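Reader: I've got a chain open in the viewer and a few things to ask. Mind walking me through it?

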Amino acid sequence: DRNMKVHNFNAGPSILPNEVLYKASKALIDFEGSGMSILEIGHRTPPFVAVIEEARSLVRELMQLEDDFEVLFLHGGASTQFLTIPMNLLESGETAAYTDTGVWSSKAIKEAKLFGYVDVVSSSKDRNYNFIPKDFTVPPQAKYLHITTNNTIYGTQWHHIPETDVPLVADMSSDILSRSMDFNKFALIYGGVQKNMGAAGATVVAVRKSILGKVTRNIPSMLDYRVHIDNASMFNTPPVFAVYISMLTLRWLKAQGGVAAIEKINDRKAALLYGEIDENPLFRGTVVKEDRSKMNVCFIMDKPELEEEFLKFTKKEDIVGIKGHRSVGGFRASIYNALPLDSVEVMVEAMKYFSMKKA
Ligand code: PLP
């Protein structure tokens with residue numbers, strides 16, 4: 001079992017369920033007995049059309065999306081969505097509201113400014129993004145409000161989705177399908193799938209058709225959601241292998257009992273790890289408690305001179321990927337859907353043991 005070898009806390013691309021990797025490795029050689037690799041079959045042949053259609057419908061089913069939504073698998077990562085969203089939704093001279101909760105939302109803001117006026121309605125920048133700035137009003141004329149539901153680098157998360165009268169747009173790259181919420185409160189949901197939902201190379205977009213077609217600018221075909229919708233997410237060659245991995249990951253999630261079931265396990269993992277951070281005198285969380293992320297757990301040591309030693313110690317325990325992002329320092333343990341509870345238990349034991357040795 002691969003997970004018996006290392007405990008993978010990487011922030012992304014990150015851990016996938018074992019059974020997804022086994023199935024995908026088989027399909028790499030022979031896809032469903034076709035005598036061809038999944039990389040060799042035509043993307044418009046019925047077996048691959050079935051794969052992308054199943055992936056699209058599993059997203060719809062797991063999020064319980066209303067009929068107005070269309071689900072697309074696109075290229076270009078969440079970063080291309082930073083510009084595609086304002087290009088499709090924001091007329092030059094109109095306003096879009098953005099919350100600034102970290103590097104990724106500021107990148108989204110930078111791109112939106114190329115297309116219209118951006119009102120940054122709240123920001124936690126002056127405290128190195130260690131909380132979610134929830135106190136704001138959205139100007140009524142805003143075409144949409146953009147939030148980043150989980151801030152991968154700083155380890156903060158919106159636990160209550162803001163109520164707003166304007167269409168709500170969300171970058172869910174690092175917490176998509178990790179917790180239950182009313183996904184129908186959103187007008188557009190997007191994310192690179194490489195953390196909770198598959199492999200790098202595919203980007204998922206769930207968009208309400210009713211918000212499209214309202215800007216007058218000419219939109220290049222590859223960046224026009226309506227073109228992708230009209231072509232059933234097959235306008236050009238889709239990222240075939242990445243879509244296949246997403247389909248398998250979505251099937252796995254459904255077999256676990258769906259979003260509500262995985263949320264229970266995610267809650268236990270997060271409670272265990274934050275519990276240790278709060279109890280153990282060597283460690284300290286970096287985020288305001290009520291805004292702590294259940295996906296990316298950031299913490300530091302009061303004695304930073306011990307950090308290297310802790311990293312070396314955990315490496316011997318086969319714990320990988322916990323070095324913090326350079327803008328926060330310390331440690332970041334990413335505990336996405338596919339990370340087993342076992343791995344968190346091993347991590348917590350390592351923290352306890354290290355602390356005991358240093359006492
Ligand atoms: N948004 C968030 C919240 C992320 O964590 C990331 C990547 O880590 C991105 C956007 C960028 O995604 P991509 O690399 O798919 O463009």
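Author: Sure. Keep in mind that this is a predicted model. Of the 359 residues of the protein chain, the share that counts as buried is 45%.

Reader: What radius of gyration does the protein chain have, next to that of a compact globule?

Author: For 359 residues, a compact globule would come out near 21 Å. The protein chain agrees with that, because its own radius of gyration is 21 Å.

Reader: Which elements do the buried residues of α6 pack against?

Author: Helix α6 covers residues 240–256 and reaches 25 Å from first to last C-alpha, close to the expected 24 Å. Its buried residues include V240, Y244, M247 and L253. Just past the helix, G257 has a positive phi of about 115°. As for packing, the partners of the buried residues are α1, α2, β2 and α7.

Reader: Okay, on to the sheet. Which strands are at its edges?

Author: Seven strands make up an open sheet with mixed pairing, ordered β2-β10-β9-β8-β5-β3-β4. An edge strand pairs on one side only, and here those strands are β2 and β4.

Reader: And what angle does the direction of α4 make with that of β3?

Author: Start with β3 itself: it pairs with β5 in the parallel sense over two bridges, and A97 has L145 as its bridge partner in β5. Helix α4 (residues 103–112) packs on this sheet and touches β3, β4, β5 and β8. Its direction relative to that of β3 comes to about 160°.

Definitions and conventions:
Residues numbered from 1 in each chain as written. Predicted model: local features only at pLDDT ≥ 70, side-chain atom pairs only at ≥ 80, totals over all residues. Rg over C-alpha atoms; globule rule 2.2 N^0.38 Å. Buried ≥ 20, exposed ≤ 12 C-beta atoms within 10 Å, placed from the backbone. Helix = DSSP H or I, 4+ residues; strand = E, 2+ residues; numbered from the N terminus. Expected span 1.5 Å × (residues − 1). Contact = placed C-beta atoms within 7 Å. Pairing = 2+ DSSP bridges. Axes fitted to C-alpha atoms, helices over the stretch in contact; angles between N-to-C directions.
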